[in-house]
Amino acid sequence: MCGIVGLFLKTEKYRHELGLHTAAMLHEMRGRGLDSAGFAVYDPAREGHTRLTLLSEGREFDWSPTAAALETALNAEVTVRQILDHAVFETTGDGRAARQWIIDNVPEVDVLSHGRQIELYKSVGDPDLVASRYDLASRTGTHAIAHTRMATESAVTTNGSHPFVTGADTCLVHNGSLSNHNQLRKKLVQQGESFQTENDSEVAAGYLSWRLREGDTIDEALHGALRDLDGFYTFAIGVENGFAILRDPIACKPAVVAETDDWVAMSSEYRAIAMLPDVAHASVFEPDPGRIYSWSLAA
Amino acid sequence: MTETILDLAEITLRELNQTLQNSANGAFRVTNPRGAHAVAAGLHTDVEVHIDGSVGYYCAGMHQVGTVRVEGNASTGLAENIMSGKVHITGSATMSAGATGNGGLVVIEGNSGARCGISMKGVDIVVGGNVGHMSAFMGQAGNLVVLGDAANDLGDSLYEANIFVRGKVASLGADCIEKEMRAEHVETLTRLLAEAGMDADPADFTRFGSARELYNFHVDDIDAELAARSTGA
């Protein structure tokens, strides 16, 4: 059992309160997993800037030498915002190059996310504590996905916590368990993907990452997932400007969606949605098994 | 009859369910359910419970007797293991509504998700909209009435329950077949539609039931089997 929530704001109306509502939703899903939690928020960086969220787990870390060295390597400005053991680097340089440079040169640090919109925080412990530690409630933006974990397939660690990143501005949260993840991990490693954990959900993220890298759209990648992933899953996937949901064809894992003119919310349980503004006028439905749902902001 | 208000914004779920279970009779209105689980579970007296809003898992679960009406939607396991009485929701239910029910009536005005009436043992379920895949899976007794469409594998591994569908059936499960609608079936269907307050013509429905091939001993090639036995192979 795990709890997942996603909130996608179609209009400006609640964007100043994105974190507030996401934190309230996450709170309701504590009962589905107290092992660890994480969240990704999408809020566009300044024009021409890319963000990286970095983690130095459980260690005090002086980020300024890393930022300075990265500035030299990219020949571009890098600003740093530190939040406990996480840091957000924002740069005018090439985001992919920045990510690769940190992976190659600062191995003691994990790159949690990169992209023009995404910031990603995760930690072991009570979801409420994780939300308050990284100040989820004050976040603004267009959409967010979050997860509470009750570990089954791998250890309780920060790296085993969700969301898992699948590429620039793309991440995934998972409720369920995959049965062919070991076999699939081997195949993906042959395709050039790398994995940090024994976690099954990371394999799902790696799968999408591979498909997206091969040129699939998110819909195409999810069609592939329906064919190649074996097991139980409800996924919520955050992408640049959008949000998607997929349940396996047997659909043992719960999901409910509510939609108004202003927002789309999904969760493992309705109680995470019950207190959202104007929920009385929302259209509420259970997503069909094996069907891809996606929403995106008009470009 | 005066109605007692039980506000879940003011009292705990346990207090609510204890109040209901400790009442010999009476009418109750539950407000602010906000998707809470196990609302009005385990009722065993002839109470009448009206819930204003959507509920979470196992609403009216283990329902022995009495009436529960939900003005809204319900999540997994609505009225699971119902024995008698009535559970009626105005919205839609997600998975496994009426699962393993032994008796009584479950009415869902909207749609029902996957595995509606799984392992039903005598309950009657009337769904105003569609049902999800594997509905009435391993059903043993009772009736499932669907005014809309049924998704894949309807009535898979069915024993003796009756399924009536007005709309389209995406596919039938193993050992589930279309069956003749005889006078007694029309009578049952007419009664259930009336009890559920559904306006539909029984003549528009198709009945499905068990082919009874799956749960009887069946050897595909009996000659080969006997020959093998006689030679001791």
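This short talk goes through the pockets and cavities of the model, and then one sheet of chain A with the helices on it.

Before I begin, please keep in mind that this is a predicted model, in which local features need pLDDT of at least 70 and side-chain atom pairs count only at pLDDT 80 or more, while totals for chains, interfaces and linings use all residues. Residues are numbered from 1 along each chain as its sequence is written, chains are lettered from A and ligands numbered from 1 in the order in which they are written, and side-chain values use heavy atoms, with hydrogens and water left out.

Let me start with the empty space. Rolling a probe the size of a water molecule over the atoms shows where such space is left. On a 1 Å grid over the protein atoms alone, a cavity is a set of points where a 1.4 Å probe fits but cannot get out, whereas a pocket is an open set with protein on both sides within 12 Å along at least five of seven lines, and lining residues have an atom within 4 Å of a point. Grid points are joined across faces, edges and corners, and a volume is the space filled by probe spheres set on the points.

The largest pocket has a volume of about 830 Å³, and of the 32 residues that line it, A:R99, A:V165, A:E193, A:S194 and A:S209 lie nearest its centre. Where does this pocket lie? Domain 1 (2-42 + 126-296) and domain 2 (45-116) of chain A both give residues to its lining, so the pocket lies between them; the domain bounds come from an automatic or database domain assignment. Helices (H or I, at least four residues) and strands (E, at least two) are DSSP runs, numbered from the N terminus, and α6(A) gives the most to this lining, with six residues. By class, the lining has 13 nonpolar, twelve polar and seven charged residues, where Ala, Val, Leu, Ile, Met, Phe, Trp, Tyr, Cys and Pro count as nonpolar, Asp, Glu, Lys and Arg as charged, and the others, Gly among them, as polar.

The second largest pocket, at about 620 Å³, is lined by 34 residues, and those nearest its centre are A:E286, A:D288, B:N111, B:S112 and B:G113.

Turning to the cavities, there are two of 30 Å³ or more. The largest has a volume of about 80 Å³, and among its 13 lining residues A:C2, A:R149, A:T152, A:G176 and A:D200 lie nearest the centre. The second largest cavity holds about 60 Å³, and its lining includes A:E286 and A:Y270 as well as B:Y57 and B:M95.

Finally, the sheet. Four strands of chain A form an open sheet in the order β4-β5-β3-β6, with antiparallel pairing, where two strands pair if DSSP finds at least two bridges between them. Its edge strands are β4 (78-83) and β6, each of which pairs on one side only. Strands β3 (residues 50-55) and β5 (residues 86-91) of chain A pair over six bridges, and the partner of A:L52 in β5(A) is A:F89. Helix α2 (residues 64-74) of chain A packs on the sheet, touching β4 and β5 (contact means heavy atoms within 4.5 Å), and its direction makes about 155 degrees with that of β4(A). Helix α3(A) also packs on the sheet, touching β3, β5 and β6, at about 20 degrees to the direction of β3(A). For these angles, axes are lines fitted to C-alpha atoms, for helices over the stretch in contact, and angles run from 0 to 180 degrees between N-to-C directions.
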